[in-house]
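Here is a friendly walk through one model, with an eye to how its helices pack and where its backbone does something unusual. Keep the structure open beside the text as you read.

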Amino acid sequence: MKKIGLLLLSIALATSCQKKDPSTTEQAKQTAPKHQLVKDVHSFSNPNEAIAKHLDLDIKVDFNTQTISGKASWTIENTSKGNEIIFDENTLNITKVTLGDDEKETKFELGKEVALHGKPLHITIESNTTKVNIYYNTTKDGVALQWLKPEQTADKKKPFVFSQGESIWSRTWIPCQDSPSVRFTYNAKVTVPKELMAVMSAVNPQQKNDTGVYTFKQDKAIPSYLMAIAVGDIEFKSIDNRTGVYAEHTVIDKAKWEFAELGKMVIAAEKLFGPYRWGRYDVIVLPPSFPFGGMENPNLTFLTPTVLAGDRSLTSLLAHELGHSWSGNLITNATWDDIWLNEGFTTYVEHRIGEEVFGINEAQMQTVLSRKVLEIALTDLGKDSPDTRLKINSTGKNPDDALSDIPYEKGYAFLQTVETAIGREKFDKFLTNYFNDHAFQSITTEDFVDYFNTNLIKGDKALANKIKMEDWIYKPGIPSNIINPVSADFNAIDRIQKTWRKTGVKGLSKKIKSTNEKQHFIDYLPKDITAQEMTAIDTEFNFTNGGNFVVRRQWFIIAIQHQYKFAYPAIEQFLTSYSRTYSLTSLYKEMIKTSEGKIWANQIYTKAKSGYHATTVEAINKILK
């Protein structure tokens, strides 16, 4: 998942891995000896006693009642031979539970509710039970599902619904063992209105049928937060033989053009870190209420429409979501305290893809921007805050609230430090082996530390002292051995910043062209910039009414800070048109710093709230309270 708005067949594997066939390796892992799963404080489930292994889902999507109803049939392993299996549920209506193919009805009981986490679903089973069938329907309080009226979509003709399961919200649309440590395969049958099409985080249809019934298969074991569904009046267009894009009719051609290099990105990623193992890699452009830049659902990345800039300037976001096909989806953090294993590694992979596809200059700029984001996060949290550690403690919190830019950017900085210490070629081999050796597994930070020490440090105390792994992972703040990036392109812009007040801004848009360059120029405008100077810059660059979402966001922050009122109508339009949480909260935080701005923020929020995703609403409520 990308919170902020870069990019990734085979590098030769180490000798010990050259003969590995991924499919054979995966089969071996499925029959490998079982080990104890770490306790996940955000799940009520008991996977060490009875674990869900496969889901057969049969559901109906009803837009009239805005509910999903049906049956979740779980194939389980009752490893303890006990009489109970526990699932997670939150705001669901459980109507009946049966066992086996003969559907023998059994007892179930909902335990005590825990804020944000829902309730444990206790189901009575027998020692030889291998299937549990849960009949249920969702309710209007389910956070994972965003139901949209036709007027809230791009085409404004048909309704739309999509899910967002990370971190602990899949339990609000499917009863499941909702922990990233529990992985399962699934088949699904989804019935929708005949004029609409359904897609999921699985092998997908490429055109509508005339029955409204769609079937799906995901034969790679995934954790519950990667269960995803979208239903709407959508179309598909192919980019190459294994990539393509889904979107509404008025968006599909623009999206296909914008993502024309998607296939090249997949090839670049494979060249760096080994084969892409999920079959197809498609993307879907969702309506504006999608709360993130992207979500890495297997086979089908969910994307915000804000990446459709019309000039391919923001498609680097895809590199992050594509990178999750290795770090996050292939290897998953076992608990949300280990989230840096997903996001830090993916941010590193993202930057490597970016360098491969867009060149070293682009990569250097992106790294400088990343360090700035890290510095801001450290300032906001406090450099001595335990929340600045890579291994965090989210006990007693909503894991979404425990997530910051730290796991992304500090994680990336740590891996870049390792690369510098041992050399890129050696580090690439280590990463490729790491991905292969843990494919389709969920691991803890401690699992990684053991693997790192065994396969990379190998008892070399001098190397260990050079890298300072434990300082990076377990201590707050940033170790002294962080790599300080330099960008010649940004240095040139810094020189422009020192002279433009004397020479004027006319012609600067021909020197400052890319998204990164514009963002850097905006971020370092003088603190005492005047309204007249902002007008001149806006006339030269058209920042206020341009098409680039990231550039506009950064410009609007400056506009709010300096009360550049010409931009106010565009800011209001920006805040009422999208639900990209991080970007909107950045603006609301600036607005409430003055009494006038706070009134303005509340006025806009009152208008926009109904179109925001639930996670966006929660985040903005905290800002405006």
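Helix 5 (residues 340-358) and helix 6 (residues 360-381) have axes that come within 7 Å of each other and cross at roughly 150°. That crossing makes helix 5 roughly antiparallel to helix 6, since angles over 145 degrees count as roughly antiparallel, under 35 as roughly parallel, 65 to 115 as roughly perpendicular and the rest as oblique. Here the axes are lines fitted to C-alpha atoms, for helices over the stretch in contact, with angles running from 0 to 180 degrees between N-to-C directions. Helices (H or I, at least four residues) and strands (E, at least two) are DSSP runs, numbered from the N terminus.

Helix 5 brings His351, Glu355 and Phe358 to the contact, and helix 6 brings Ile360, Glu362, Ala363, Gln366, Thr367 and Ser370; contact means heavy atoms within 4.5 Å. Sorted by class, this contact has three nonpolar, four polar and two charged residues. For that count, Ala, Val, Leu, Ile, Met, Phe, Trp, Tyr, Cys and Pro are nonpolar, Asp, Glu, Lys and Arg are charged, and the others, Gly among them, are polar.

A word on what you are looking at: this is a predicted model, in which local features need pLDDT of at least 70 and side-chain atom pairs count only at pLDDT 80 or more, while totals for chains, interfaces and linings use all residues. Residues are numbered from 1 along each chain as its sequence is written, and side-chain values use heavy atoms, with hydrogens and water left out.

Now for two helices with a buried side. In helix 12 (residues 488-497), the buried residues are Phe490, Ile493, Ile496 and Gln497. Looking down the axis of helix 12, these buried residues fall within an arc of 105°, so they line one face of the helix. The arc is that of the directions from the helix axis to the C-beta atoms. Buried means under 20% relative accessible area, exposed over 50%, and partly exposed in between (1.4 Å probe, protein chains only). Ala488 and Arg495 are exposed on the face of helix 12 turned away from its buried side. Helix 6, helix 13 and helix 14 are among the elements that cover the buried residues of helix 12.

Helix 15 (residues 531-541) buries Glu533, Met534, Ile537, Asp538 and Phe541. Those buried residues fall within an arc of 135° down the axis of helix 15, so they too line one face of the helix. An α-helix has 3.6 residues a turn, so residues three or four places apart point the same way. Gln532 and Thr539 are exposed on the other side of helix 15. The cover over its buried residues includes helix 13 (500-503), helix 14 (515-523) and helix 16 (549-561). After helix 15 comes Asn542, with a positive phi near 55°.

Which residues touch the most other members of the largest nonpolar core? Of its 188 residues, they are Trp74, Trp173, Phe448 and Tyr588. A nonpolar core is a set of buried Ala, Val, Leu, Ile, Met, Phe, Trp, Tyr and Cys residues joined through side-chain atoms within 4.5 Å. Leaving aside neighbours within four places in sequence, Tyr588 contacts Leu575, Ala601, Ile604, Tyr605, Tyr612, Ile620, Ile623 and Leu624.

On to the backbone. Most residues other than glycine have a negative phi, and most peptide bonds are trans. Two loop residues that are not glycine have a positive phi:

| Residue | Phi | Loop | Relative accessible area |
|---|---|---|---|
| Glu103 | about 55° | between strand 4 (93-99) and strand 5 (104-105) | 26%, partly exposed |
| Asn299 | near 70° | between strand 18 (294-295) and strand 19 (300-303) | 6%, buried |

A cis peptide bond joins Glu166 and Ser167, with omega about 10°. Ser167 sits in the loop between strand 10 (160-163) and strand 11 (183-191), and Ser170 is found in the loop between strand 10 and strand 11 as well. Ser170 is buried, at 1% relative accessibility. Not counting residues up to four places away in sequence, Ser170 touches Gly165, Cys176, Asp178, Ser224, Tyr225 and Met227.
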